[in-house]
Amino acid sequence: MKYHSPKGLNDILTDEIEQWHVAETAIRTVMNRYQYREIRTPLLEYTELFERGVGQDTEIVGKQMYTFSDKAGRSLTLRPEGTAPIVRAFLEHKLYGRSELIKLSYLGSMFRYEEPQKGRSRQFEQFGVEAIGSADPALDAEVIELGWSLLTEALGLDGLRLKLNSMGCREDRKRYITELRSYFTPMIETMCPDCQVRLETNPLRILDCNEEICQGPISAVPAMLHYLCDDCEAHFDRLRTHLDDLEILYRLDPTLARGLDYYTRTVFEIASPDLGARDAIIGGGRYDDLVEMLGGPPTPAIGFAGGMPGLILTLNAQKGPLHEQTGPDLYIATVDEQGRREGIRLLRELRRGDITAEIDYLGKSVRGQFGYADRIGARYVIVIGPEELDRGALTLRDMRSGDEARIDLDPEAIAAELSQRLKR
Ligand code: HAM
């Protein structure tokens, strides 16, 4: 094989696409039901946006971005996530001028140079929502509930776990980081080289580390929740009350720190039982400082993003693969050139009438055309030859029952007969 796709970039073949369509339709339907309106941002952004927005010390910015210079020497990056670009668009188009709370949704490709593994690839689709302009904990509950009901109700997944934590505000985090530094310092020699650097740059990022040798120290870390100020604690308590009212079960996870630097207060993940070490299908949280950090007015916000690869794997594991490849309603077999010309005209009329139809383009014999119609699962077949043209009538054969019926060789009559039989 001379050419293959670059490592970590996958083809989605026609056999798999039905599962994607089902998931995408559910995603769009649910997001619309909650009034999150779609926004599409470019695949490329200036690199500084992510350096500033996602954070210099994160894995994403430090190791995983596809960054290059354009012909004018500007540094561009294939977007590794959707939140920073959406906040950029929100500011650039002054969307905050229109209403006090803006609810946005998206579904599109993201790019991260990471080791491909179960449910993780280098180009992947993410679906997500961002609600910008309110600090109300009821909005946190709405965003979490949206993600939860999308996966458990609209898509019917089982065994999912909702993990919840609070990162507090900027001041809380400063206090917590100091605490983390003194907690990890005595044991840092036993931890991975990356964590030794993180201890200096941002000890919070140690909590995201997946290295085996770091798991012991991480598991006994002091809980962030003990370092929350009164306001952040009250916010978290109110969120928990709302989740209880909505009967959404969650588990507090004191080590959940979410890998990106912009989070404040609420963070959450919804994990799948059918994925490996990186088991979150959905991850999100509040980012009350990001709009300001990117040059806008102080504006609280919350959102989440979900990965399609993990979602599709979980759907396949729990519901089996879907490949509902339906054949055409009608296959038009033809005998000679005259019949073929008539067949091609008929094909166009039927398709205009929303009937799916096919004709031979490979010069097959009539027998070969019948065999082909059968293989592709055509529901009905007609033959157009000199005899049918002479009589102005043809035989419609039902490929399931083998029954035959005589009808006029007239597009409208054929369309009407098929529509009636197909109950459209
Ligand atoms: P994230 O946790 O980096 O958050 O990504 C969210 C989800 O995207 C993950 O839980 C995972 O399902 C999926 N994902 C991430 N990387 C990959 C990959 N390489 N291959 C397959 N799936 C992947 C964010 O991106 C934030 N922007 C979420 C957010 C929105 N927070 C607030 N608003």
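**Note on the predicted model: sheets, ligand shell and one loop residue**

1. Strands β2 and β4 (residues 75-78) run antiparallel and are joined by three bridges. Within this pairing, Glu45 has Thr77 of β4 as its bridge partner. The model under discussion is a predicted one.

2. These two strands belong to an open sheet of three strands, ordered β2-β4-β3, in which the pairing is antiparallel. At its edges stand β2 (44-46) and β3 (67-69), each of which pairs on one side only. Direction ignored, neighbouring strands of this sheet are turned against each other by 35° on average.

3. A second open sheet consists of five strands in the order β13-β12-β14-β15-β16, and here the pairing is mixed. The edge positions are held by β13 (357-359) and β16 (404-408); each has a single partner strand, so one side of each is left without a neighbour in the sheet. The average turn between neighbouring strands of this sheet is 25°, direction ignored. As general background, the strands of a sheet pair through backbone hydrogen bonds, in either a parallel or an antiparallel manner.

4. Two of the pairings in the five-stranded sheet can be followed residue by residue. Strand β14 (residues 380-384) is joined to strand β15 (residues 393-398) by three bridges, and the two run antiparallel. Ile382 has Leu396 in β15 as its bridge partner. On to the next pairing: β15 and β16 are also antiparallel, with five bridges between them, and Ala393 is partnered by Asp408 of β16. The hairpin of β15 and β16 has five residues between the strands, and in it Gly402 adopts a positive phi near 85°. The reader may wish to inspect this glycine in the model.

5. Two helices lie across strands of this sheet. Helix α12 (residues 337-352) lies across β12 (330-334), β13 and β14, and runs at about 160° to β13. Helix α15 (residues 411-422) lies across β12, β14, β15 and β16, with an angle of about 145° to β16. Both β12 and β14 therefore appear in the list for α12 and in the list for α15.

6. Turning to the ligand, 27 residues surround it, and those that come nearest are Glu81, Ser121, Glu130, Arg258 and Tyr263. By class, the shell comprises twelve nonpolar, nine polar and six charged residues.

7. Several polar atoms approach the ligand. Glu130, one of the nearest residues, places a polar side-chain atom 2.8 Å from a ligand nitrogen atom. An N or O atom in the side chain of Thr83 is 2.9 Å from a nitrogen atom of the ligand. In the case of Ile281 the backbone is involved: one of its N or O atoms lies 2.9 Å from an oxygen atom of the ligand. The ligand taken alone exposes 660 Å², of which the protein buries 96%.

8. Which elements give two or more residues to the shell around the ligand? They are β6 (123-132), β10 (280-286) and β11 (301-307). The most is given by β10, which contributes six residues.

9. A final point concerns Thr190, which is located in the loop between α6 (170-184) and α7 (193-201). Its side chain reaches the backbone oxygen of Met187 at 2.6 Å. Relative to Glu115, Thr190 is 75 residues away in sequence and 24 Å away in space, C-alpha to C-alpha.

Technical notes: Residues numbered from 1 in each chain as written. Predicted model: local features only at pLDDT ≥ 70, side-chain atom pairs only at ≥ 80, totals over all residues. Heavy atoms only, no water. Near = heavy atom within 4 Å. Polar contact = N/O pair within 3.5 Å; in protein donor to acceptor, adjacent residues only side chain to side chain. Areas by Shrake-Rupley, 256 points an atom, 1.4 Å probe, with all protein chains shown as cover. Helix = DSSP H or I, 4+ residues; strand = E, 2+ residues; numbered from the N terminus. Nonpolar A, V, L, I, M, F, W, Y, C, P; charged D, E, K, R; others polar. Pairing = 2+ DSSP bridges. Axes fitted to C-alpha atoms, helices over the stretch in contact; angles between N-to-C directions. Contact = heavy atoms within 4.5 Å.
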